[in-house]
Amino acid sequence: MIGPAISVSQLKKAYKKNTVLTGVDFTVENGTIFALLGSNGAGKTTIINILTTLIKADGGNAIVGSFDVDKYPNKVREHISLTGQFAAVDDILTARENLELIGDLRHVDDSQQTAVDLLMKFNLTDAADRRIATFSGGMRRRLDIAMSLIGSPAIIFLDEPTNGLDPQARNETWQTIRTLAKNGTTVFLTTQYLEEADELADIIAVLHHGRIIAQGTASELKKLVPSGLVRFTFGDEQKLVTAIGVLENDYAITDRDDLTITVATGGSVTQIAELFISLRDAKLEPTDFFQQSPTLDDVFFKLTSTATEEK
Ligand SMILES: Nc1ncnc2c1ncn2[C@@H]1O[C@H](COP(=O)(O)OP(=O)(O)OP(=O)(O)O)[C@@H](O)[C@H]1O
Ligand SMILES: [Mg+2]
């Protein structure tokens, strides 16, 4: 494939008066895992639907597998597969039957052998002839991803691949996705979980208020927030509110559910000591405190709160 696997510029989409995408830009290189990160309703599925030719954008353009999605949707479809947000396996059929059915639909040479190979690869051989109705969520997801690999697409789209899975099933799915990328498949996935993006993605793009507000590797994104973070926990909301007044600086993230405030310092002893002196002067005793490295959560909160203020 010539050029990047996916390249999107100034993509726009509205549903009647509800503007969802205001101008989205990003590029996905071949053979990489790209995570589109955004909260509920940010427009992740809308982007996937445009890139997989299910719906049309109102403006901008998108190239997938070297073809323009608008002009050559059939060409695009030859290079991709989509695993939707909700498992698309047929409950009445067995795992083997589901795989063979898709193999026949996609005209693979030997759909029976393809099914056998995929069952093996996804650790489903023992369950091959059970109806999907009896499968756990993790097994369904594995089968769902296995189905998307039939016909060896160059680019696979996974819309919230681990949504609703327990930690073990989620880990299995992560492993599967990593293996795909190792074998050269380009993976475009959406997630609401920073941890998932951090675990899997080569590049993360944060979608918020209709556009990409940041993108880069996990460590590049983490550099967007200051180091030398100190997180204080207080015993009750009253103390937290007082602490907010005392400690508030340019970078302060408060979490009223956890009764914590995280503030940035330059990381020096003097700067950290000043925080404690301010607390002592205000006669505020935290129940807990620790110094921490920035997490993607911090990045996300920082970015989304700034983007909201600018709006
Ligand atoms: N077919 C549609 N008609 C009208 N509005 C829609 C349609 N599809 C999505 N929307 C709206 O567009 C916005 C973005 O939806 P989208 O499904 O792309 O978000 P998402 O990021 O995938 O969310 P989630 O994490 O919940 O899956 C939402 O406000 C949604 O209500
Ligand atoms: Mg969605």
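**Exercise 1. Find the residue in strand 7 that stands opposite T83, and place that pair in its sheet.**

Solution. The partner of T83 in strand 7 is L158. In this predicted model, local features need pLDDT of at least 70, side-chain atom pairs count only at pLDDT 80 or more, and totals for chains, interfaces and linings use all residues. Residues are numbered from 1 along each chain as its sequence is written, while chains are lettered from A and ligands numbered from 1 in the order in which they are written. Strands (E, at least two residues) and helices (H or I, at least four) are DSSP runs, numbered from the N terminus.

Next, take the two strands as a whole: strand 6 and strand 7 (residues 155–159) are paired in the parallel sense over four bridges, where pairing requires that DSSP finds at least two bridges between two strands. They belong to an open sheet of six strands with the order 6-7-8-3-9-10 and mixed pairing. At its edges stand strand 6 (80–83) and strand 10 (211–216), each of which pairs on one side only. On average, neighbouring strands of this sheet are turned by 15° against each other, direction ignored.

**Exercise 2. Work out which strands helix 1 touches where it packs on the sheet.**

Solution. Helix 1 touches strand 3 (33–37), strand 6, strand 7, strand 8 (186–191) and strand 9 (203–208), a contact being two residues whose C-beta atoms, placed from the backbone, lie within 7 Å. The direction of helix 1 makes about 155° with that of strand 7; axes are lines fitted to C-alpha atoms, for helices over the stretch in contact, and angles run from 0 to 180 degrees between N-to-C directions.

Then consider how covered the helix is: six of the eight residues of helix 1 are buried, namely K44, T46, I47, I48, I50 and L51. Here buried means that 20 or more other C-beta atoms lie within 10 Å of the residue's own, exposed means 12 or fewer, and partly exposed lies in between, with C-beta atoms placed from the backbone.

**Exercise 3. Explain why strand 3 is described as largely enclosed, and name its bridge partners.**

Solution. Five of the five residues of strand 3 are buried, so the strand is largely enclosed by the rest of the structure. Taking the faces in turn, I33, A35 and L37 are buried on one side, and F34 and L36 are buried on the other. Strand 3 pairs with strand 8 in the parallel sense over five bridges, with A35 opposite L189. Strand 3 also runs parallel to strand 9, joined to it by four bridges, and there L36 has A205 as its bridge partner.

**Exercise 4. Identify the residues that come nearest to ligand 1, and the elements that supply its shell.**

Solution. Of the 13 residues around ligand 1, those that come nearest are Y15, N40, K44, T45 and T46; a residue is near a molecule if its C-beta atom, placed from the backbone, lies within 6 Å of it. Two or more residues of the shell are given by each of strand 2 (18–28) and helix 1 (44–51), and helix 1 supplies the largest share, three residues.

Finally, turn to strand 2 itself, which belongs to an open, antiparallel sheet of four strands in the order 2-1-4-5. Strand 2 and strand 5 (67–68) are at the edges with a single partner strand each, so one side of each is left without a neighbour in the sheet. Strand 2 is joined by eight bridges to strand 1 (residues 6–15), and T19 in strand 2 stands opposite A14.
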